[in-house]
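Work through the exercises below with the structure in view. Try each task before reading its solution.

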Amino acid sequence: MPSPKLSRPLPRSVKQRTLLAGAGAAIAVLAVAAPTAQAGLDTDRTVSIAPATAASAAQGERYVETRLFFGTARPDGGPDVTDAQFMAFVDRHVTPRFPDGLTVQEGRGQWRDSRGVIERERSYELILLYPASEASRRFPVIEAVRNAYVSSYAQDSVARLDEPTLADF
């Protein structure tokens, strides 16, 4: 499945580009093998959704999976974001916007900074699933979550990855 097409590029730090480089390569490989039909979501983003077939219809409904990657180290040298702080952030900013469910996974991230130094930090991956038909309404809500984290914890960015998928509950 191809990655989302952006009508205007989102600003990305060196950290984001390095973190997403591997994911982008994997998406590009999948994009070559998967025929798609375009489903316009809004003027800023388009996500390609594979056409429904008898086999895929049995596997679920069309959804979008959004993954957000939250670092915990503060570029200004302040104390790392704690687990309690991150979960309070989720409770305050994410759960009210996605009350039907979400997944948080702990991780370890790394990237090469502008000086060429490999930086490592504890991180969180937030996974959101929502019907593809709601994507244009959900995208600005997700951007509000990203912006809230950046401003709350003095971060450079929160990486975002959107993928069309099929889901069945």
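The exercises go from the whole chain to single pairs of elements, in a predicted model.

**Exercise 1.** Find out how far the predictor trusts this chain, and where caution is due.

*Solution.* Start with the average. The mean pLDDT is 77. Next, take the share of confident residues: 66% reach 70 or more. Then look for the weak part. Over residues 1-43 the pLDDT is below 50. This stretch still has 79 contacts in the model beyond near neighbours in sequence. Where pLDDT is low, predicted coordinates should not be read in detail.

**Exercise 2.** List the helices and strands in order along the sequence.

*Solution.* Count first: there are 4 helices and 7 strands. Now read along the chain. The pattern is β-α-β-β-α-β-α-β-β-α-β.

**Exercise 3.** Decide whether strand β7 is largely enclosed or not, and find how it pairs with β4.

*Solution.* Strand β7 covers residues 159-167. Of its 9 residues, 7 are buried, so the rest of the structure largely encloses β7. Turn to the partner, strand β4 (residues 61-71). The two strands run antiparallel, joined by 9 bridges. For one facing pair, take Phe-69, opposite Ala-159 in β7.

**Exercise 4.** Classify the packing of helices α3 and α4.

*Solution.* Locate them: α3 spans residues 83-94 and α4 residues 135-152. Their axes lie 11 Å apart, at an angle of about 140°. Roughly antiparallel needs an angle over 145 degrees. The two helices are therefore oblique to each other. The crossing is right-handed. Finally, name the contacts. Phe-86, Phe-89, His-93 and Val-94 in α3 meet Val-145, Ala-148 and Tyr-149 in α4.

Technical notes. Residues numbered from 1 in each chain as written. Predicted model: local features only at pLDDT ≥ 70, side-chain atom pairs only at ≥ 80, totals over all residues. Heavy atoms only, no water. pLDDT = per-residue confidence, 0-100. Contact = heavy atoms within 4.5 Å. Buried < 20%, exposed > 50% of the residue type's maximum accessible area, 1.4 Å probe, protein only. Pairing = 2+ DSSP bridges. Axes fitted to C-alpha atoms, helices over the stretch in contact; angles between N-to-C directions. Parallel < 35°, antiparallel > 145°, perpendicular 65-115°, else oblique. Left-handed = near helix turned anticlockwise from the far one by under 90°.
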